[in-house]
Amino acid sequence: MADRIHLHLLSDSTGETLEMLAKAALAQFDDADVVRHFWPMVRSRQHLDRIVPELKANPGLVLFTLVNPEARARLEEVCAQNGLPAVPILDRVTEALEKALGQEAHGRPGRQHQMDKAYFERVEAIQFTIAHDDGIGWENWEEADIILAGVSRSSKTPTSIYLANRGYKVANIPLVVESPPPPKLFELRKPLVVGLTTAPERLVQIRRNRLLTLNEQSQTAYIDNERVKSEVAFARRMFADNGWPVIDVTRRSIEETAAAVIRLCSERSHKTGGDFEGVKAI
């Protein structure tokens with residue numbers, strides 16, 4: 001086991017991309033003892049010079065996304081002088097795209113976060129999704145891109161929010177045996193309806209933990225094994241009767257579930273001749 005290391009993340013924008021890549025890479029290592037130092041919005045040599053003392057005081061690996069030539073040159077100079085490995089994580093991808101597209105990159109910091117049409121569409125998608133959580137606003141479901149259906153605690157809401165952040169208008173509805181969904185659900189034409197299911201044993205565990213967070217100690221039908229099994233079976237029958245695609249979320253993270261939903265959107269678009277282009281712009 002290696003000693004603790006310092007990981008410096010320097011970005012000329014929000015640093016969202018840098019953090020995501022660092023997190024994905026660190027996930028490949030067990031029990032890594034890493035101290036992260038996050039430096040967003042570094043867009044000038046002057047700003048970088050204020051960070052240099054911290055780099056020297058806590059030597060470690062430096063990952064950066066800087067497009068300002070002066071700031072970048074200064075960082076590489078400091079790292080070379082102090083023996084700090086520095087990795088420009090987007091260079092290889094940018095170079096490959098330049099070659100493939102036959103043009104040079106603009107080198108504009110934070111351009112993926114610009115307030116363009118895609119940005120406002122994403123904001124609209126988030127607003128729509130929040131307003132149509134847990135079966136609310138079923139009258140507007142035809143405006144959605146995706147409808148997620150499933151029993152309580154089958155990760156409908158977090159998956160909806162994740163998809164909304166990718167630009168999809170999502171509504172979700174809990175399936176309850178005693179309370180059939182509105183007829184509108186079975187009349188939809190535009191949205192892709194996806195059923196989410198999970199193993200009853202896992203569902204009981206999740207629900208029990210939920211009750212504990214609410215300081216609810218009593219045993220209810222909500223966590224009764226046989227009751228939960230019948231709920232899951234009820235939902236599965238509904239999915240099958242309506243020909244809706246089904247995703248088992250038992251061993252999936254929210255990100256993996258969302259990726260599976262997006263893949264279903266892509267497959268449906270190809271079948272119908274739509275213009276789906278993968279994950280929407282962020």
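**Entry 1: threonine 197**

I began with the surroundings of threonine 197, leaving out residues up to four places away in sequence, and found that threonine 197 touches Val232, Arg236, Phe239, Val246, Ile247, Asp248, Val249 and Thr250. I note here that the model is a predicted one. I placed threonine 197 in strand E7, which spans residues 192–197. Its relative accessibility is 4%, and because the cut-off for buried is under 20%, I entered threonine 197 as buried.

**Entry 2: the annotated binding site**

I next consulted the UniProt record, an unreviewed entry, for annotated positions. Its "binding site" annotation covers Gly150, Val151, Ser152, Arg153, Ser154, Ser155, Lys156 and Thr157. From this list I looked up Gly150 and Lys156 individually.

**Entry 3: glycine 150**

I located glycine 150 in strand E5, residues 146–150. Is glycine 150 buried or exposed? I recorded a relative accessible area of 0% for glycine 150, so this residue is buried. Setting aside neighbours within four places in sequence, I listed the contacts of glycine 150 as Lys156, Ile173, Pro174, Leu175, Leu196 and Phe239.

**Entry 4: lysine 156**

I found lysine 156 in helix H6, which covers residues 156–164. The relative accessible area of lysine 156 is 6%, and I therefore classed this residue as buried. With neighbours within four places in sequence again left aside, lysine 156 is in contact with Leu148, Ala149, Gly150, Val151, Asn172, Ile173, Pro174 and Leu196. I then asked how far the backbone oxygen of glycine 150 lies from a polar atom of the lysine 156 side chain. The distance is 3.4 Å, and since a polar contact requires N or O atoms within 3.5 Å, I noted the separation of 3.4 Å with that limit in mind.

**Entry 5: packing of H7 and H8**

I turned to the helix pair H7 (residues 200–213) and H8 (residues 225–242). Their axes are 9 Å apart, and the helices pack at an angle of about 115 degrees. I recorded the crossing of H7 past H8 as right-handed. Which residues make the contact? On the H7 side I listed Pro200, Glu201, Leu203, Val204 and Arg207; on the H8 side I listed Asn225, Val228, Lys229, Glu231 and Val232. Sorted by class, the contact of H7 with H8 comprises five nonpolar, one polar and four charged residues.

**Entry 6: glutamate 226**

I also looked up glutamate 226, which is in helix H8. Glutamate 226 has a relative accessible area of 54%, so I entered this residue as exposed. I checked the C-alpha separation between glutamate 226 and proline 200 and found 8.8 Å, with the two residues 26 apart along the chain.

**Entry 7: positive phi values**

I closed with backbone torsions. Aspartate 31, although not a glycine, has a positive phi of about 55 degrees. I located aspartate 31 in the loop between helix H1 (16–26) and strand E2 (34–39). I classed aspartate 31 as exposed because its relative accessible area is 68%.

What is the phi of asparagine 215? I found a value near 60 degrees, positive in a residue other than glycine. Asparagine 215 lies in the loop between H7 and H8, the helix pair of Entry 5. The relative accessible area of asparagine 215 is 65%, and I therefore recorded this residue as exposed.

Conventions. Residues are numbered from 1 along each chain as its sequence is written. This is a predicted model: local features need pLDDT of at least 70, side-chain atom pairs count only at pLDDT 80 or more; totals for chains, interfaces and linings use all residues. Side-chain values use heavy atoms; hydrogens and water are left out. Axes are lines fitted to C-alpha atoms, for helices over the stretch in contact, and angles run from 0 to 180 degrees between N-to-C directions. Helices (H or I, at least four residues) and strands (E, at least two) are DSSP runs, numbered from the N terminus. A crossing is left-handed if the near helix is turned anticlockwise from the far one by less than a right angle, and right-handed if clockwise. Contact means heavy atoms within 4.5 Å. Ala, Val, Leu, Ile, Met, Phe, Trp, Tyr, Cys and Pro count as nonpolar, Asp, Glu, Lys and Arg as charged, and the others, Gly among them, as polar. UniProt positions are given in the numbering used here, feature names are shortened, and annotations may be inferred rather than shown by experiment. Buried means under 20% relative accessible area, exposed over 50%, partly exposed in between (1.4 Å probe, protein chains only). A polar contact is a pair of N or O atoms within 3.5 Å; within protein, one must be able to donate a hydrogen and the other to accept it, and residues adjacent in sequence count only if both atoms are side-chain atoms.
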